[in-house]
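Work through the exercises below with the model open beside you. Try each task before reading its solution.

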Amino acid sequence: MSLSLGRTRSGAESDLAGRGPMLLAMVLAVLGYQINATMLSPALPDVIERLGTTTAAAGLSQTLFFLMAAIGQVTLARLSDQRGRKPMMILCAFVLILGNLLCVFAPNIEVFIAGRILQGVSAAMFTLAFLTLNQLLTPAGFGKAAGIITAVNGGLAGVDAIAGGQIADTIGFRGIFVCSTLIAVAGLVGVHRYVPDVPPTTADTRFDSRGIAALALGLTGVLVGLAQGAAWGWTSVLTLGFLLGGLASLVFFVLSQKSATNPVIDLDVLASRRAWPLLITTICTLGGAFGAVALTIPLFSQDARVGLGLSAVTAAVLFLTPIQLIGVISAPLTGRLGPKIGWRRIVVTGAVANLVIFVFATFFLHSEWILVTSLAALGVTYGGFMLTGLNGLAVTTAPKDKPGSLSGLNGACFGIGASLGIALASAMITAGSDAGGVTEAGYQHAMYAALALLAIGVVTAFLIQRPDPADGADADADEPQLVIAHH
């Protein structure tokens, strides 16, 4: 056994002072993935046109992208406990670059989807960055650094969504993946050069590949079934096959974890009130907010028949840019606040505020400026409080002997929540369509679904176990982190 003591500095500012190159490298590494999530949305029509595919196929590529983000995070975060954080970060960068190249040169939608799957797996870079920072910095230093990384999770202050549409209109969607590749290469070089080798936190044991396969099949079956159910028919053999097959795989996964020597998910951790309420809160928060902001409101705002009838650029400027711009500012501020007042309090406050804001957005959907104001407020409550708070709480309350267990699960729930939100919103909108297209009721029902998810998230947020002061989750901001590694 070797003991490695985190850098002992007086205060978080000095704690971060010598870590600038490392933090920049992590920002570039996660940004390479993130722009594939934010820049592509306005370019989807270009993807459909240039690859000669359908809207359903393009939507499936988005569902699988976020689904693989969930699987990649829970898998690689857990594996990093055994193999080390830095090797897994380098692996993520290579996988992202390969996925980008497939999309750049994709001759058809099948190759494009394969590239999107690989890009999704690289989402684990976020969780790996949080885990590495938590091992190297003091609690206050981690809070500030986590806020910066979380700010990247919201995109480039809304500029990326507008830039994605501009790139699609000029050189085509492939230019987005060229940009991502250049950033990913810079991130790879930075991680290799500036991120230290943090020692593994668990002994080298056999990885549970059987459990990972069952988890991947289960999540794929359920989420693809939900996403495509309205198009295939909810009682069709294909839909029922995906849903029931996915559920069966998830049941097998849970049972297999009980006998696995090194399970992907520690069921004891999962059963704890520090875990399952947090994970459900993450899923419901992402499902409610992401389904509405990334799908329902963009479609409604551009619908000339029953919506606001705005152009794509105007809709992006009004309804996407404010959330991301304010989130870039509020996430680092929340990161500073979290260690002082407690990450759980941040999460509970954000969950309640999100629900209240969405009540206004739902019932004043046709009021353009109330909608703009409501979504801008989400930049603080969702982009700042919830995204930063959920990540901070998952990292700081995880078992000390398995630090990747809870944060990996929570990272997976971000992807699951996003996929679930898109699937439910799409199903509600499709079900509310008539011969003339989507009806006002379709959009309204999609917003009601978002409200229901957020309401569940409020309840589960209150159920999250309060951190035990003995665990050091909210310890003195200037105390150094003690990293214990086994060799």
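The structure is a predicted model. Its protein chain has 20 helices and 4 strands.

**Exercise 1. Describe the chain as a whole: what share of its residues is buried, and what supplies its exposed surface?**

Step 1. The protein chain has 487 residues, and 60% of them count as buried.

Step 2. The exposed area is about 18,500 Å². Carbon and sulfur atoms supply 68% of that area.

Step 3. Now take the contacts with a separation of 6 or more. Residues 24 or more positions apart account for 82% of them.

**Exercise 2. Work out how helix 5 and helix 10 are oriented to each other, and which residues meet.**

Step 1. Locate the elements. Helix 5 covers residues 85–104. Helix 10 covers residues 174–194.

Step 2. Read the geometry. The two axes come within 9 Å and cross at roughly 160 degrees. Angles over 145 degrees count as roughly antiparallel, so helix 5 is roughly antiparallel to helix 10. The crossing of helix 5 and helix 10 is left-handed.

Step 3. List the contact. Helix 5 brings Lys86, Met89, Ile90, Ala93, Phe94, Leu96, Ile97, Asn100, Cys103 and Val104. From helix 10 come Arg174, Phe177, Val178, Ser180, Thr181, Ala184, Val185, Leu188, Val191 and His192.

Step 4. Sort by class. The contact of helix 5 with helix 10 has 14 nonpolar, 4 polar and 2 charged residues.

**Exercise 3. Take Cys103 and Ser180 from that contact. Is Cys103 buried or exposed, and what does each residue touch?**

Step 1. Cys103 has a relative accessible area of 0%. The limit for buried is under 20%, so Cys103 is buried.

Step 2. Neighbours within four places in sequence are left aside. Cys103 is then in contact with Phe112, Gly115, Arg116, Gln119, Phe173, Arg174 and Phe177.

Step 3. Check a C-alpha distance. Cys103 and Val178 are 75 residues apart along the chain, with their C-alpha atoms separated by 9.2 Å.

Step 4. Turn to Ser180, in helix 10. Ser180 also counts as buried, at 0% relative accessibility. Beyond four places in sequence, Ser180 touches Gly32, Ile35, Asn36, Leu96 and Asn100.

Step 5. Ser180 and Leu31 are 149 residues apart in sequence. Their C-alpha atoms are 8.0 Å apart in space.

**Exercise 4. Helix 18 packs with helix 16 and with helix 17. Set out the angle, handedness and residue classes of each pair.**

Step 1. Start with helix 17 (residues 343–363) and helix 18 (residues 368–396). Their axes come within 8 Å and cross at roughly 155 degrees. Helix 17 and helix 18 are therefore roughly antiparallel. Their crossing is left-handed. The contact of helix 17 with helix 18 divides into 18 nonpolar, 9 polar and 1 charged.

Step 2. Next, helix 16 (residues 321–341) packs on helix 18 at about 40 degrees, with the axes 7 Å apart. The crossing of helix 16 and helix 18 is right-handed.

Step 3. Residues in this contact include Gly327, Ser330 and Ala331 of helix 16 and Gly379, Gly383 and Gly384 of helix 18. By class, the contact of helix 16 with helix 18 has 10 nonpolar, 8 polar and no charged residues.

**Exercise 5. Place Thr239 and name its contacts.**

Step 1. Thr239 lies in helix 12 (residues 237–259).

Step 2. Its relative accessibility is 0%, so Thr239 counts as buried.

Step 3. With neighbours within four places left aside, Thr239 is in contact with Gly225, Gly229, Trp232, Gly233 and Trp234.

Technical notes:
Residues numbered from 1 in each chain as written. Predicted model: local features only at pLDDT ≥ 70, side-chain atom pairs only at ≥ 80, totals over all residues. Heavy atoms only, no water. Axes fitted to C-alpha atoms, helices over the stretch in contact; angles between N-to-C directions. Helix = DSSP H or I, 4+ residues; strand = E, 2+ residues; numbered from the N terminus. Parallel < 35°, antiparallel > 145°, perpendicular 65-115°, else oblique. Left-handed = near helix turned anticlockwise from the far one by under 90°. Nonpolar A, V, L, I, M, F, W, Y, C, P; charged D, E, K, R; others polar. Buried < 20%, exposed > 50% of the residue type's maximum accessible area, 1.4 Å probe, protein only. Contact = heavy atoms within 4.5 Å. Areas by Shrake-Rupley, 256 points an atom, 1.4 Å probe, with all protein chains shown as cover.
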